[in-house]
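Work through the following exercises with the sequence and the model side by side. Try each task on your own before you read its solution.

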Amino acid sequence: MASAYLLLNVETGTEEEVINHLKTHQEVKEAWMVYRVYDIIVGVETETMEELKNVISWTIRRLDRIRSTMTMIVV
């Protein structure tokens with residue numbers, strides 16, 4: 001099992017839209033709006049590290065409304 005948490009900055013006013021879209025992906029186990037430096041925290045879980053990298057790189061980081069991300073891989 002491979003897991004990661006992502007901190008996202010999104011376009012102002014699109015937080016709920018992004019969260020709703022993220023929750024449609026089975027790998028996304030949780031997504032929450034937060035206040036301070038980042039807008040959203042996302043918990044992702046996959047079977048392998050390769051799948052995790054693909055979900056982060058090709059599914060989450062490529063969303064139109066996301067401005068920046070910080071990824072923390074769980075060890």
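**Exercise 1: A network of charged side chains**

Glu-11 is partly exposed in this predicted model, with a relative accessible area of 30%. Task: find which residue forms a salt bridge with Glu-11, and say where in the chain the two partners lie.

Solution. Start from the side chain of Glu-11 and look for its partner, which is Arg-65; the closest N and O atoms of this salt bridge are 3.2 Å apart. The pair links distant parts of the chain, since Glu-11 sits in the loop between β1 and α1, Arg-65 sits in the loop between α2 and β4, and 54 residues separate them. Next, consider Arg-65 itself, which counts as partly exposed at 32% relative accessibility. Arg-65 also forms a salt bridge with Glu-17, where the closest N and O atoms are 3.3 Å apart. This pair, too, links distant parts of the chain, with Glu-17 in helix α1 and Arg-65 in the loop between α2 and β4, 48 residues apart. Glu-17 is partly exposed, at 44% relative accessibility. Putting the steps together, Glu-11, Glu-17 and Arg-65 are linked in a network of salt bridges.

**Exercise 2: A salt bridge within one helix**

Task: the structure holds three salt bridges; describe the one in which the side chains of Lys-53 and Glu-50 meet.

Solution. First take the distance, which is 3.7 Å from N to O. Then locate the partners: Lys-53 and Glu-50 both lie in helix α2, three residues apart, which is about one turn of the helix. An α-helix has 3.6 residues a turn, so residues three or four places apart point the same way. Finally, check the exposure of each partner: Lys-53 is partly exposed at 44% relative accessibility, and Glu-50 is partly exposed at 47%.

**Exercise 3: The two sides of helix α1**

Task: decide which residues of helix α1 are buried, and which on its other side are exposed.

Solution. Begin with the buried residues of α1, which spans residues 15-22; they are Glu-15, Val-18, Ile-19 and Leu-22. These residues lie on the same side of α1 because they cover an arc of only 100 degrees around the axis. On the other side of α1, Glu-16 and Asn-20 are exposed. As a last step, ask what the buried residues of α1 pack against: they meet the strands β1 (2-10), β2 (28-33), β3 (40-46) and β4 (66-73), as well as helix α2 (49-60).

**Exercise 4: The core and strand β1**

Task: find which members of the largest nonpolar core touch the most other members, and then follow strand β1 from the core to the surface.

Solution. The largest nonpolar core has 19 residues, and those that touch the most other members are Leu-6, Leu-8, Leu-22, Ile-40, Val-42 and Ile-60. β1, α1, β2, β3 and α2 each supply at least two residues of this core, and the largest share, five residues, comes from β1. Beyond residues up to four places away in sequence, Leu-6 touches several residues, including Ile-40, Val-44, Ile-56 and Met-70. Now turn to Tyr-5, which lies in strand β1 and is partly exposed, with a relative accessible area of 35%. Together with Met-70, Met-72 and Val-74, Tyr-5 makes a nonpolar surface patch of about 330 Å². Asn-9 also has its place in strand β1, but at 11% relative accessibility Asn-9 counts as buried, because buried means under 20%.

Key
Residues numbered from 1 in each chain as written. Predicted model: local features only at pLDDT ≥ 70, side-chain atom pairs only at ≥ 80, totals over all residues. Heavy atoms only, no water. Buried < 20%, exposed > 50% of the residue type's maximum accessible area, 1.4 Å probe, protein only. Helix = DSSP H or I, 4+ residues; strand = E, 2+ residues; numbered from the N terminus. Arc of directions from axis to C-beta. Contact = heavy atoms within 4.5 Å. Core = buried A, V, L, I, M, F, W, Y, C linked by side-chain atoms within 4.5 Å. Patch = residues over 30% accessible without salt bridge, like charges linked within 9 Å, V, L, I, M, F, W, Y side chains within 5 Å. Areas by Shrake-Rupley, 256 points an atom, 1.4 Å probe, with all protein chains shown as cover. Salt bridge = Lys/Arg side-chain N within 4 Å of Asp/Glu carboxyl O.
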